[in-house]
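Please work through the exercises below with the sequence and the model open beside you. Try each task on your own before you read its solution.

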Amino acid sequence: MSDLPRTGSDLPQTVPDFSQAMSEPHTTPAPDLAASLGRPPRVLVTGAGGPSGVCFLRALEGSAERYAADIDPNGAGLYLVPRAYRLLLPPGHAPHFAEAVLTLCRRYAVDVVVPTVDSELVALARAADSFTDAGVRVLVPSVEGLETCLDKWRLAEACEGRVRQPVTRLIGPAGAPGADFEGGFPAIAKPRTGSGSRGVTVVERPEDLARLPQDGTYLLQEMLPGTEYSVDVLTDADGRVVAAVPRARDKTDSGIVVAGRVLHDPELSALAEDTVRTLGLRGVLNVQVREDREGRPALLEVNPRPPGGLSLTVAAGVDMPAWAVAGLLGATLPEHIDHRETAVVRHWQDVVLHPRELGDMGDVREAGRASGAGAAA
């Protein structure tokens, strides 16, 4: 197995540099988002303080009427839009989160909602019919697909025999894997749910399994020692994969890529496409892959939402945010959108404000109401 990456990066809560994307023509021109409605669509992006929200908002600049929402009034992406378009929301786990979002959509006649925070996804997917009845499209997969992706054990079971993945076993009440664990040791133990690297630990020997929870909340997984990649995927409304763009995570900061290369690698793209089809996912999402001991790519996990490193894919000529919104508005997506190999370095970019503007929101009513309801429950 080679120690060198095959031939892409993400960003620490910063605004990505789109200069390369803007200076070179896209492989496939971005769609005209005003075509379907006769005007620019009103797009509400949640999680505006995180890299995923910032990437989506930046990509839609000039082509959509952008509304930015977050739970934190200091979220950077809020200040990419005028004051009247900055909205506060309750946390995604609040009982009335979906209701709060829908109320804002009705108030501002929003056409499309783009959630970028894991904790918001299931609530919005469960309320999909209510949004549809209100004429609002939501960029979110089905409830079943989301629940499978967000539970690493369910994900492993769903992909068993269909997508190459590390050997994975549940550490459960029926007993933990022992010295006969097929993945070998050292191995990786991780919680079934959660994001980032929280709770992930290396298990050097079978005896070390005794210190882990034995209640089915943890799983044991074969350690993959090779290079890690992210593959950004765009599908149409029917789940047909339109683009699968691999990128190497050359340098990361707090789990977010700050330098990397977008590359052509049919094996990585095919694995991501097979994963998306197996799970029946829709929209813009991210498949994380790592090479095994033989240098073969294997599935690590699926992020069923726009990724934090999406700006790299835009820079490589695939404007996934614009095409995703166009598809939700009824446009027919191309059969395939190709990308070019490119390298991207991401950096901090300041949004300079008057001191009184920091924390100045256009609408905080739904955040206050829904948060209060959640606290009382």
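The exercises that follow concern a predicted model, and each solution goes step by step.

**Exercise 1. The open sheet**

Task: Work out in which order the five strands of the open sheet lie and which strands form its edges.

Solution: Begin with the order of the strands, which is β3-β2-β1-β4-β5, with parallel pairing. The edge strands are β3, residues 86-88, and β5, residues 137-138, since each of these pairs on one side only.

Next, follow the pairing from strand to strand. Strand β1, residues 42-45, is joined to β2 by four bridges, and the two run parallel; here Arg 42 has Glu 65 of β2 as its bridge partner. Strand β2, residues 65-70, is joined in turn to β3 by three bridges, again in parallel, and Ala 69 stands opposite Leu 87 in β3.

Last, look at how far β2 is covered: five of its six residues are buried.

**Exercise 2. Two buried aspartates**

Task: For Asp 70 and Asp 111, find where each one sits, decide whether it is buried or exposed, and name what its side chain meets.

Solution for Asp 70: The first step is to place the residue, and Asp 70 is found in strand β2. The second step is to compare its relative accessible area of 11% with the cut-off: because buried means under 20%, Asp 70 counts as buried.

The third step is to list its surroundings. When neighbours within four places in sequence are left aside, Asp 70 is in contact with Gly 47, Ala 48, Gly 49, Gly 50, Leu 78, Leu 87, Leu 88 and Leu 89. A polar atom of the side chain of Asp 70 lies 2.8 Å from the backbone nitrogen of Asp 72. Pro 91 stands 21 residues away from Asp 70 along the chain, and their C-alpha atoms are separated by 8.5 Å.

Solution for Asp 111: This residue belongs to the loop between α3, residues 97-108, and β4, residues 112-114. Its relative accessibility is 6%, so by the cut-off of 20% Asp 111 is buried as well.

The side chain of Asp 111 makes a polar contact with the side chain of Arg 39, at 2.9 Å. Apart from residues up to four places away in sequence, Asp 111 touches Leu 37, Arg 39, Pro 41, Arg 42, Gly 135, Val 136, Arg 137 and Leu 329.

**Exercise 3. A strand with two faces**

Task: Decide which side chains of strand β15, residues 342-345, point to the buried face, and find out how β15 pairs with β12.

Solution: Start from the general rule that in a regular strand the side chains alternate between the two faces of the sheet. In strand β15, Thr 342 and Val 344 point to one face and are buried, while Ala 343 and Val 345 point to the other and are not buried.

Then turn to the pairing, where strand β12, residues 256-262, and β15 are antiparallel and share four bridges. In this pair, Gly 260 has Val 344 of β15 as its bridge partner.

**Exercise 4. The buried side of a helix**

Task: Find which residues of helix α4, residues 118-126, are buried, and which elements they pack against.

Solution: The buried residues of α4 are Glu 120, Leu 121, Val 122, Leu 124 and Ala 125. The elements against which the buried residues of α4 pack are α3, α5, β5 and α6, the last of these being residues 143-149.

**Exercise 5. Cavities and a pocket**

Task: Describe the largest cavity, the second largest cavity and the second largest pocket by volume and by the classes of their lining residues.

Solution: The largest cavity has a volume of about 90 Å³. Two or more of its lining residues come from each of α7 (152-159), β9 (218-222) and β14 (297-303), and the largest share, three residues, is given by α7. By class, this lining has six nonpolar, three polar and two charged residues.

The second largest cavity holds about 30 Å³ of space, and its lining divides into eight nonpolar, one polar and two charged residues. Among the lining residues are Pro 115, Leu 121 and Arg 282.

The second largest pocket holds about 480 Å³ of space. It is lined by 27 residues, of which Asp 236, Ala 237, Arg 282, Gly 327 and Leu 328 are the closest to its centre. Helix α10 gives the largest share of this lining, four residues, and the lining as a whole has 16 nonpolar, six polar and five charged residues.

Notes. Residues are numbered from 1 along each chain as its sequence is written. This is a predicted model: local features need pLDDT of at least 70, side-chain atom pairs count only at pLDDT 80 or more; totals for chains, interfaces and linings use all residues. Side-chain values use heavy atoms; hydrogens and water are left out. Two strands pair if DSSP finds at least two bridges between them. On a 1 Å grid over the protein atoms alone, a cavity is a set of points where a 1.4 Å probe fits but cannot get out, and a pocket is an open set with protein on both sides within 12 Å along at least five of seven lines; lining residues have an atom within 4 Å of a point. Grid points are joined across faces, edges and corners, and a volume is the space filled by probe spheres set on the points. Ala, Val, Leu, Ile, Met, Phe, Trp, Tyr, Cys and Pro count as nonpolar, Asp, Glu, Lys and Arg as charged, and the others, Gly among them, as polar. Buried means under 20% relative accessible area, exposed over 50%, partly exposed in between (1.4 Å probe, protein chains only). Contact means heavy atoms within 4.5 Å. A polar contact is a pair of N or O atoms within 3.5 Å; within protein, one must be able to donate a hydrogen and the other to accept it, and residues adjacent in sequence count only if both atoms are side-chain atoms.
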